[in-house]
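Visitor: I should like to understand how the descriptive terms used for a protein model are justified. May we go through them one by one?

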Amino acid sequence: MSPPFCDYGKDAEIMQALELFYQRIHGDYADTLRRIPSEQILLKYVKLYAQEPTCARLQEALMSQRWEDAFREAHSLKGVAQTLGFTHLYEVCSVLADALRPGRPLLDMSLWDNVQRAHLEVLDALSLLTNPE
């Protein structure tokens with residue numbers, strides 16, 4: 001008999017929603033669950049990503065041509081994306097961080113465009129996760 005505090009139906013719904021979210025963002029749901037082995041905890045951190053200020057700070061540093069700050073922010077965003085299994089965002093952040101290492105000016109703004117697109121892809125999928133249709 002299940003303990004009274006468990007809601008297996010709700011857990012299945014969370015799991016399905018997270019799986020769909022990770023498909024939409026080209027992420028790695030299974031690998032992420034190896035690092036964060038609870039769907040409820042993962043969902044909490046995924047939802048918190050919408051409040052993550054790193055991408056905005058990265059944009060500000062890039063537009064102000066503060067290259068060392070931009071490198072730090074790109075590297076931080078890459079770490080967040082890797083931890084949460086946002087594979088595509090991680091990959092484009094990695095390329096951007098490498099281009100800025102160590103404090104070099106960004107010569108190819110398309111690298112930032114790729115990060116912005118991947119970030120918006122996560123936010124769009126997140127809005128569907130938090131506000132299902």
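Guide: A residue is called buried when its relative accessible area is under 20%, exposed when that area is over 50%, and partly exposed in between. By this rule Y22 is buried, and so is Y29. The model discussed here is a predicted one.

Visitor: What makes Y22 count as buried?

Guide: The relative accessibility of Y22 is 1%, and the limit for a buried residue is under 20%. Y22 therefore counts as buried. F86, at 0% relative accessibility, counts as buried by the same limit.

Visitor: Which residues does Y22 touch, leaving aside those up to four places away in sequence?

Guide: Y22 touches G27, D28, Y29, T32, L42, V46, L84, G85 and F86. A contact requires heavy atoms within 4.5 Å.

Visitor: Why are Y22 and Y29 called an aromatic pair, and why a tilted one?

Guide: Ring centres must lie within 6.5 Å for a pair, and those of Y22 and Y29 are 5.6 Å apart. Planes under 30 degrees apart would count as stacked and over 60 as edge-to-face. The planes of Y22 and Y29 stand at 45°, so the pair is tilted.

Visitor: How do you know that Y22 and F86 form a tilted pair?

Guide: Their centres are 6.1 Å apart and their planes are at 50°. The distance is within 6.5 Å and the angle is neither under 30 degrees nor over 60, so the pair is tilted. Y22 lies in helix α1 and F86 in the loop between α5 and α6, so this pair ties together parts that are 64 residues apart in sequence.

Visitor: How many aromatic pairs does the structure hold, and which residues do ring pairs link into a cluster?

Guide: The structure holds five aromatic pairs. Ring pairs link F21, Y22, Y29, Y49 and F86 into a cluster.

Visitor: Which residues have the most contacts inside the largest nonpolar core?

Guide: They are F21, Y22, F86 and L89, in a core of 39 residues. At least two core residues come from each of α1 (8-24), α2 (29-35), α3 (39-48), α4 (54-63), α5 (67-84), α6 (87-100) and α7 (110-130). The largest share, eight residues, is supplied by α7. In soluble globular proteins, nonpolar side chains tend to be buried together.

Visitor: What makes K44 a residue that lies over the face of Y45?

Guide: K44 is at 5.7 Å from the ring centre of Y45, and the limit for such a placement is within 6 Å of the centre, together with a position within 35 degrees of the ring normal. K44 accordingly lies over the face of Y45.

Visitor: How do you know that C55 and C93 are not joined by a disulfide?

Guide: A disulfide needs cysteine sulfur atoms within 2.5 Å. The sulfur of C93 is 7.1 Å from the closest cysteine sulfur, in C55, and that is too far for a bond. The structure holds zero disulfides. C55 is buried, with a relative accessible area of 6%, and C93 is buried, with a relative accessible area of 1%.

Visitor: Why is the contact of R57 with E73 called a salt bridge?

Guide: The limit between a side-chain nitrogen and a carboxyl oxygen is within 4 Å. The closest N and O atoms of R57 and E73 are 3.2 Å apart, so the two form a salt bridge. R57 lies in helix α4 and E73 in helix α5, so the pair ties together parts that are 16 residues apart in sequence.

Visitor: Are the partners R57 and E73 buried or partly exposed?

Guide: R57 is partly exposed, with a relative accessible area of 39%. E73 has 15% relative accessibility and therefore counts as buried. Beyond four places in sequence, E73 touches T54, R57 and L58.

Visitor: What separates R72 and D69 in helix α5?

Guide: Being three residues apart, R72 and D69 are separated by about one helical turn. Their closest N and O atoms are 2.3 Å apart, and they form a salt bridge. R72 is partly exposed at 44%, as is D69 at 25%.

Visitor: How many salt bridges are found in the whole structure?

Guide: The search finds seven. One of them joins R101 and D98, at 3.4 Å from N to O. Salt bridges that share partners join E60, R66, D69 and R72 into one network.

Methods
Residues numbered from 1 in each chain as written. Predicted model: local features only at pLDDT ≥ 70, side-chain atom pairs only at ≥ 80, totals over all residues. Heavy atoms only, no water. Core = buried A, V, L, I, M, F, W, Y, C linked by side-chain atoms within 4.5 Å. Buried < 20%, exposed > 50% of the residue type's maximum accessible area, 1.4 Å probe, protein only. Helix = DSSP H or I, 4+ residues; strand = E, 2+ residues; numbered from the N terminus. Phe/Tyr/Trp six-rings, centres within 6.5 Å; stacked < 30°, edge-to-face > 60°.
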